[in-house]
Amino acid sequence: MPVSRIFFQMCQKQCRDENGFKCHLTSDSHLRNMRVFRDNAGGMMDSFSREFETAYLETLRRRHGTQRMNANNVYQEVIQDKGHIHMNATKWATLTHFVQYLGKKGVCVVEETERGWYVTYIERDPALLERKEKLKLKLEADAR
């Protein structure tokens, strides 16, 4: 069975074919990185998961604000960054699991539709919320 483009987050290595995959698995650098991972697997997965979550939420917040967005479209924006953390290095097996996690955590409003999962960022920045409230009050006062 041919292997197609597997990326190892720990090694920062992408293998293009089955031979590259086999060679990498036996390399000193891979074996050394796997020993490091073995000694602190939980901590490293948590770290990669936090970095992925931060990148996803920053992309959602900065590019789309509180606009309802297709979760996969936001994910596609995240992975455009060459230095992104790959989802296969996180504790979430799928984008669906990750999006459901965001909903349970209360960071986003999450909706499943026939067209996929949608997320809406929940703004919690007190300074921004205060500015929006002042602007709303000013607009209401001007309307009178």
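## Helices, a small sheet and some salt bridges

The chain has six helices and five strands. Keep in mind while looking around that this is a predicted model. Going from the N terminus, the elements come in the order β-β-α-α-α-β-α-α-β-β-α. Of the 144 residues in the chain, 32% are buried. The accessible surface adds up to about 9800 Å², with carbon and sulfur atoms contributing 51% of that. As for contacts with a separation of 6 or more, 45% are between residues 24 or more positions apart.

### The sheet

Let's start with the strands β3, β5 and β4, which make an open sheet in that order, with antiparallel pairing. β3 and β4 are the edge strands, each pairing on one side only. Strand β5 covers residues 116-121, and five of its six residues are buried, so the rest of the structure largely encloses it.

On one flank of β5 sits β3 (residues 69-70), antiparallel to it and joined to it by two bridges. Here N70 is found opposite Y118 of β5. On the β4 side (residues 108-113), six bridges hold the antiparallel pair β4 and β5 together. To find the register, look for V110, whose bridge partner in β5 is V119, and for E111, which is partnered with Y118. Y118 therefore turns up twice, opposite N70 in β3 and as the bridge partner of E111; β5 is enclosed in the way described because five of its six residues are buried. The connection between β4 and β5 is a hairpin, with two residues between the strands.

### Helix α5 on the sheet

Which strands does α5 lie across? The helix lies across β4 and β5, and its direction is about 135° from that of β4. Helix α5 takes in residues 95-105, and its buried residues include L95, F98, V99 and L102. These four span an arc of only 95° around the axis, so they sit on the same side of α5. The general rule behind such spacing is that an α-helix has 3.6 residues a turn, so residues three or four places apart point the same way. Right after the helix, G106 adopts a positive phi of about 85°.

### Where α3 meets the loop before α5

Now over to helix α3, residues 41-64, which is where S49 belongs. Is S49 buried or exposed? Its relative accessible area is 2%, and buried means under 20%, so S49 counts as buried. Leaving aside residues up to four places away in sequence, S49 touches T90, K91 and W92.

K91 is in the loop between α4 (71-78) and α5. With the same sequence neighbours left out, K91 touches M45 and S49. There is also a long jump in sequence here: K91 and S47 are 44 residues apart along the chain, yet their C-alpha atoms are 9.8 Å apart in space.

### Salt bridges

How many salt bridges does the structure hold? There are six. Three of them are set out here, each with its N to O distance.

| Pair | N to O distance |
|---|---|
| K105 and E53 | 2.6 Å |
| E58 and R61 | 3.0 Å |
| R68 and E111 | 2.9 Å |

In the K105 and E53 salt bridge, distant parts of the chain are linked, with K105 in helix α5 and E53 in helix α3, 52 residues apart. The two ends have unlike surroundings: K105 is partly exposed at 46% relative accessible area, whereas E53 is buried at 8%.

The E58 and R61 pair stays within helix α3, where the partners are three residues apart, about one turn of the helix. Both are partly exposed, E58 with a relative accessible area of 28% and R61 with 29%.

Finally, R68 and E111 join side chains in a salt bridge. This pair also links distant parts of the chain: R68 is in the loop between α3 and β3, E111 is in strand β4, and 43 residues separate them. R68 is partly exposed at 39% relative accessibility, and E111 is partly exposed at 30%. There is a network as well, in which salt bridges with shared partners join E58, R61 and R62. E111 is worth a second look, as this salt-bridge partner of R68 is also the bridge partner of Y118 in β5.

How values were computed
Residues numbered from 1 in each chain as written. Predicted model: local features only at pLDDT ≥ 70, side-chain atom pairs only at ≥ 80, totals over all residues. Heavy atoms only, no water. Buried < 20%, exposed > 50% of the residue type's maximum accessible area, 1.4 Å probe, protein only. Arc of directions from axis to C-beta. Pairing = 2+ DSSP bridges. Contact = heavy atoms within 4.5 Å. Axes fitted to C-alpha atoms, helices over the stretch in contact; angles between N-to-C directions. Areas by Shrake-Rupley, 256 points an atom, 1.4 Å probe, with all protein chains shown as cover. Salt bridge = Lys/Arg side-chain N within 4 Å of Asp/Glu carboxyl O.
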